[in-house]
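Colleague: I am new to this structure and would like a close look at one part of it. Could you take me through the open sheet in chain A, and then show me a few other places to visit?

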Amino acid sequence: MIMLGPLGFTAPWLLLGLLALPILWLILRAVPPAPIRRRFPGVALLLGLSDDDTVTDRTPWWLLLMRMLAVAAVILGLAGPVLNPRGEAGEQAGNGPLLVVMDASWSSAIDWTQRQQALEALLTRAERAGRPVALLRLTAPDEVRFQGADVLKTRLQGILPEPWQPDAARMDRAISLLPDQEFDSYWMSDGLARDSRAAMLSALETHGRVTVFEGPRAHYALLPATYEDGSVTLTLRRLRPGPEAEISVAAHGLDPAGNPAVLMRATAVFDPSATEAALALAMPAELRSRITRFEIEGARSAGAVSLPDDSLRRREVALLAGNENREGLELLSPLHFLHKALEPTADLLDGALGDVLPANPDVIVLADVATLSPGEEAGVLQWVEEGGTLLRFAGPRLAASDVSRDGEDPLMPVRLRVGGRSVGGAMSWGEPKTLAPFTEDSPFYGLRIPADVTISSQVMAQPDPTLAARVIAQLTDGTPLVTRKRMGQGQVVLFHVTANAEWSSLPLSGLFVQMLERLAVSSMPASPDPADLVGTIWQPIRVLDAFGRVVDAGNLPGVAGENLMGASLGPDLQPGLYRGEDRSLARNVMTPDMAFEPAVWPDRIAVEGLSRPDETPLAGWLLALTLLLLIADAIASLALSGRLSGARATKAAAVLLALALAAPQARAQEDAAAILAASEVTLAHVLTGDRQLDDLAQAGLRGLSDVLYFRTSVEPAEPMGVNLETDELAFFPMLYWPVTASQPTPSSEAYARLNDYLRSGGMILFDTRDADVASFGASSPEGRKLQELAAPLDIPPLEPIPQDHVLTRTFYLLQDFPGRYASRDVWVESAPPDAEMIEGMPFRNLNDNVTPVVIGGNDWAAAWAADDRGAPLVRMGSGFAGERQREIAYRFGVNLVMHVLTGNYKSDQVHVPALLDRLGQ
Amino acid sequence: MSDTVTYLRRDAQIEASRFPALLARAEQLAGTVLLGEHGRRRSGMGDDFWQYRPLRSGDSLRSVDWRRSARGDEQFVREREWQIAQSVQLWVDPGASMRFSSSKDLPQKGDRARLIALAASILLIRGGERVGFTGWSLPPRNGDVQVLRLAEALSEDTAEDYALPEHRGIIPHSRAMFVSDFLGDLDTVELALTKAADRGVRGVLLQVLDPTEESFPFKGRTIFESVGGSLAHETLKAGDLRERYLERLIERKARLDHLSRLTGWQYLCHHTDDSAQNALLWVWRAMDGGHG
């Protein structure tokens, strides 16, 4: 292979062919283009004309150049050019075995595809060189076995990163797994600084040369979200300081319909050369609680995803006390210490129980409340069944009441003995009692008990078979201090002491707060102290893979609470969402105290980047270029020799241009027609496809429009022909539809639009134009066609036009509706059967609507038809009688348009007297 | 063949139907004047009233129009319009050079020439003229049958490239119409025109050309061949010839124009991409001699 800069050739000898180009140039130049034979009568005029230039007409230089380029491209293409070939000579020289070390952590997931491609290229080269290759993933070190690169290549797709980092222990194990032989190493680093790298590097260097490979991509990481001052704060970090950058962060969650959606999107801005950016998202509590994950958009890495847990969810706690009206004695208030303990982490609700319940709080605290009204009790019971936590504190009232005395109160975990007891008081023997260590099945297991917590008074639980199971904290003498009963999805917890410091010093201690946390009464701080979690077991619900995808945890084992926050991530502790007894905790890949810095390699180590251009074979491109050049050459040759006639080329170009422009123009035309039709009253006729008939209909409507213009206040625009298939009908008050036996039946879409038109108040005047030969109903070809046409239309029952139909008096008083023929068979929508003549009224009260169709055969358009000057086009009858008939036809047209435009206006009673007068009654 | 005749006749009648009947005006009487239906705008023998004129000495009393004279003291003579029929002779180039069209959208020059010629003939015959061919193949006659004969005679072609105008057998003081592309030898045309002018014949020269003959849109190395194949010209750069070709064409047109002026003829150059009606209108006007 010959190298020319970044270009290499696999068959360089073919390049000698380029030497032939000048010769080819000369040959091509010497040969003129072949002549065309043309028939041309004007040749007589040409005889004797000699060419000015007696030299042979040469191929123009640019055409020659194009041909030369084509030939050169063929030669170059066949010579096998490769851009950026990976030479065997270079950094990975050597034939010994090659160990590919991959960090394979979440941080390398961002550009994993590129890494896979790089690895594939590496394996291809190793295969070519016959080098055995082994793979070592530091996140999951396994036995190192050298094998053929092709074997490894088949497994390539299965090599995936893990959502954790190689920690010191795994590095040590990896070092111990290194075989005892010479090999070169190729370390695909994830780019993060790690203390354990140095040891691994020196171990690898004892075996041979080490090359490091690092991706140049900007790494961003998202720290767990925290909740502060009413907004969710997200912190982003980047690996290397750089210019200002805007990173989009999305909050994913369920929308109100329960579908996954992006609930909020915000942009964090890195200041120039800053490595950290913060972002505050103000969102309502309801939205906050629906968020399932935050992620940096576009970054496929577990480090760019942060799972929120209960720490984002502030619990709503309702506090109720039995006696609160002790003014001035703040410290004695039963709720004072609860207020103090819960205020930082929970939303507190105050109010009557009946007001609080509909708000569906997470926890209701009843401090020394003895009895509830039956209605309240039922409400609380239901609320507890649905997952509420009822936290009760004892007190003098509870001790004095009969609640849960004889039988167990549903809202009490245990039965109580009368009176309770006092120990260590002034009037009693004995010392105040202390707490016994929590048992393993208690939610408080693992909490350290301060020595100064003493109990001096308490209510006593009645011994009971179920009592032992319900005790979750007891005194050193075995008396229950905290009891709990599960009910449905909720629970009832009773502290057998008061919520203030009257009966015990428990509320004064830090243990009280921790106990409330364990009971999920208060929310936990964002990252709980591992010590707080000692003794708890957390079950993974959903875990993250290295690419930041949230997957179901399946049957992964539970994790001890102290490990959950303390231990480093690994196969046994995968990042994800963990559920404890009553709440959930998220273990994210990134933690605030985790280092996120770029790895620094010693100078002696060569570091490669992913950015290195790939090996690109250029032969295909060059050959394609040749093809293009040859096509261009063919066109140019044709043009030069005059075979490509200018007219034809222009026509082709015009056709292309017209195609490109036709659509918008057509639409513009359509719009213009619509605007025209909509801006004035426009009569329309249905285009039948019979040119003569359409013209006559147009002329008829024009004549009618003129008459309307002269005689009435209706001033119609020029009538339009309507194509049922394509045109919008809504603009036209009425359609004149001349029926021919041969016209095409409209499509079903057209019928749908016609029906829409009829339902929305349009009217169609069907005209079979055969009243001279066929009375209506008798079969004429047009009549049959009309039946066929009108069958799919939504037409009400019809009747011959009655004498008192509103059409007879909308403008003129008419009883005949002639067109060119004077048949009385005109049909309209039939009157309702209950329409009756009222005594003293000339007309029945008929339809309230415009009749959707008028059907007749009088050839009205012919009677109305007028040319541009207003002269009638069609002769009618004879002499004055014919003209009289035409006049009545116009009057019918006027009445019809008036009917369409004014509806049943003339049925109105208001005009009855005038009409009566006119009728001479 | 008969189909061609039918179509040609139909097309020609369609063209002819758009014009009022052509009343050709003869300026001079030919010796062989036959009475026809159209007036000469002067008094003479005929049926139609021309004018009343006062009785002059020499008029016989029989010629006095007593009805007119009874209205006054003077006597009037009723004169009639002099009506004659005229002969029109056609020559339509049957040469191979006319069988050419540069594009399939355009008619061949020959078709266009025949169409115009026959349309003019129909108009003339309808106007009472007698129409025939120059030479002795089809002497001028009138009547609808003559239209058929003309159409049939027009559909004959010759194989030679450039036909020469037939100037023999032209009836003196008649009208003539020559339709051709006039790309052949102009001397023959000149001879024919001079001979015709000598006999007092006036007429029209209609040159029918294809648009490409006017624009010469050719480039590159080309061998031009005449339609009949008798002539050929090879050029290496057709584009270079354009200027000189057009010069020659203009010169030729100018010569035709000049020639027609000298002999009292009228000349028009018609292109096949123009409407045939325009040409027919012009022919009608030219034959009518300015009386429209």
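Modeller: Here is a walk through that sheet, followed by a few other stops. Please keep in mind that this is a predicted model.

Let's start with the sheet. The sheet is open and has 7 strands of chain A, in the order β18-β17-β19-β20-β27-β26-β25, with mixed pairing. At its edges you will find β18 (346–350) and β25 (471–474); each has a single partner strand, so one side of each is left without a neighbour in the sheet. On average, neighbouring strands here are turned by 20° against each other, direction ignored.

Now follow one edge inwards. β25(A) pairs with β26(A), residues 480–487, in the antiparallel sense, and 3 bridges hold this pairing. Look for A:Ala473, which stands opposite A:Val482 in β26(A). A helix also belongs in this picture: α11 of chain A (residues 374–385) lies across β19 (363–367), β20 (389–393), β26 and β27 (490–495) of chain A. Relative to β27(A), α11(A) runs at about 115°.

Next, a single residue. A:Leu564 is found in helix α15 of chain A, residues 561–566. Is A:Leu564 buried or exposed? Buried is set at 20 or more other C-beta atoms within 10 Å, and A:Leu564 has 22 C-beta neighbours inside 10 Å, so this residue counts as buried. Beyond its neighbours within four places in sequence, A:Leu564 is in contact with A:Leu533, A:Trp538, A:Val559, A:Tyr578, A:Leu585 and A:Arg587. From A:Leu564 to A:Ile537 there are 27 residues in sequence, and 8.9 Å in space from C-alpha to C-alpha.

Further along the chain, two helices meet. α18(A), residues 691–711, and α22(A), residues 879–902, pack at an angle of about 75°, their axes 10 Å apart. They are therefore roughly perpendicular to each other. From α18(A) come A:Leu704, A:Val707, A:Leu708 and A:Arg711, which meet A:Tyr890, A:Gly893, A:Val894 and A:Val897 of α22(A). By class, the residues of this contact are 6 nonpolar, 1 polar and 1 charged.

Finally, step across to chain B. Here 25 residues of chain A are in contact with 31 residues of chain B. Within chain A, β3 (36–39) and α2 (43–46) each supply at least two residues of the side that touches chain B. That side has 13 nonpolar, 5 polar and 7 charged residues. β3(A) also runs parallel to β8(B), residues 222–225, and 4 bridges join the two strands. To find one of these bridges, look at A:Arg39, whose bridge partner in β8(B) is B:Glu225.

Definitions and conventions
Residues numbered from 1 in each chain as written. Chains lettered and ligands numbered in written order. Predicted model: local features only at pLDDT ≥ 70, side-chain atom pairs only at ≥ 80, totals over all residues. Axes fitted to C-alpha atoms, helices over the stretch in contact; angles between N-to-C directions. Helix = DSSP H or I, 4+ residues; strand = E, 2+ residues; numbered from the N terminus. Parallel < 35°, antiparallel > 145°, perpendicular 65-115°, else oblique. Contact = placed C-beta atoms within 7 Å. Nonpolar A, V, L, I, M, F, W, Y, C, P; charged D, E, K, R; others polar. Pairing = 2+ DSSP bridges. Buried ≥ 20, exposed ≤ 12 C-beta atoms within 10 Å, placed from the backbone.
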